[in-house]
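User: Hi! I have a structure open and would like to talk through some of its side-chain packing. Could you help me reason it out?

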Amino acid sequence: MSKIIIRTAVAIPRSIRGKNNGPSFNFNEQNAAIMKDGEDFPHPFRIRLDDGQPPYPAGEYTVDGSSFVVGQYGDLQMGRRVVLVPIMPPAAAMAAPAAK
């Protein structure tokens, strides 16, 4: 299973100027990497955070199904917002049902 890796819980502010010297758009991003099955090294990328959203804590994640959309031609695409779900370590996953 491919996984998303967050190494530091740091939000990076970013600003982009609008078209024709329009107003600037300010938002936060976070550095991440995807480790694909069968590959030796992760691929870095940035995740855009929602307004007021704290950065994801360091750890390993998978992409939530709500992050995917069906495009206008019926193809599967990533939406504008990527939502991450923590991957529980095997020991924590085994203990979780007992905690209920």
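User: Let's begin with the charged end of R48: over the ring of which residue does it sit?
Analyst: Happy to help, and keep in mind that this is a predicted model. A charge counts as sitting over a ring if, among other conditions, CZ of Arg is within 6 Å of the ring centre. The charged end of R48 is 4.2 Å from the centre of such a ring, and that ring belongs to F27.

User: Is L84 buried or exposed?
Analyst: L84 is found in strand 8, which covers residues 84-86. Its relative accessible area is 7%. Buried means under 20%, so with 7% L84 is buried.

User: What separates the C-alpha atoms of L84 and K3?
Analyst: Along the chain, L84 and K3 are 81 residues apart. In space, their C-alpha atoms are separated by 9.9 Å.

User: Which residues make up the largest nonpolar core?
Analyst: Some contacts give a good start: leaving aside neighbours within four places in sequence, L84 is in contact with residues including I4, I6 and I47. With the same neighbours left aside, I47 is in contact with I6, A32, Y56 and L84, among others. In general, nonpolar side chains in soluble globular proteins tend to be buried together. Here the largest nonpolar core has 8 residues in all: I4, I6, A32, I47, L49, Y56, Y61 and L84.

User: And which elements give two or more residues to this core?
Analyst: The core includes I4 and I6, as well as I47 and L49. The elements that give two or more residues are strand 1 (3-6) and strand 4 (43-49).

User: How are the rings of Y56 and Y61 arranged as a pair?
Analyst: A search of the whole structure finds 1 aromatic pair. The rings of Y56 and Y61 have centres 5.5 Å apart, with their planes at 65°. Both residues are buried, Y56 at 11% relative accessible area and Y61 at 5%. Planes over 60 degrees apart count as edge-to-face, so at 65° the Y56 and Y61 pair is edge-to-face.

User: With the side chain of which residue does the side chain of S15 make a polar contact?
Analyst: S15 lies in strand 2, residues 12-18, and counts as partly exposed at 44% relative accessibility. Leaving aside neighbours within four places in sequence, S15 is in contact with S24, F25 and N26. The polar contact, at 2.9 Å, joins the side chain of S15 to the side chain of N26.

Conventions:
Residues are numbered from 1 along each chain as its sequence is written. This is a predicted model: local features need pLDDT of at least 70, side-chain atom pairs count only at pLDDT 80 or more; totals for chains, interfaces and linings use all residues. Side-chain values use heavy atoms; hydrogens and water are left out. Helices (H or I, at least four residues) and strands (E, at least two) are DSSP runs, numbered from the N terminus. Buried means under 20% relative accessible area, exposed over 50%, partly exposed in between (1.4 Å probe, protein chains only). Contact means heavy atoms within 4.5 Å. A nonpolar core is a set of buried Ala, Val, Leu, Ile, Met, Phe, Trp, Tyr and Cys residues joined through side-chain atoms within 4.5 Å. Rings of Phe, Tyr and Trp (its six-membered ring) pair if their centres lie within 6.5 Å; planes under 30 degrees apart count as stacked, over 60 as edge-to-face and the rest as tilted. A charge sits over a ring if NZ of Lys or CZ of Arg is within 6 Å of the ring centre and within 35 degrees of the ring normal. A polar contact is a pair of N or O atoms within 3.5 Å; within protein, one must be able to donate a hydrogen and the other to accept it, and residues adjacent in sequence count only if both atoms are side-chain atoms.
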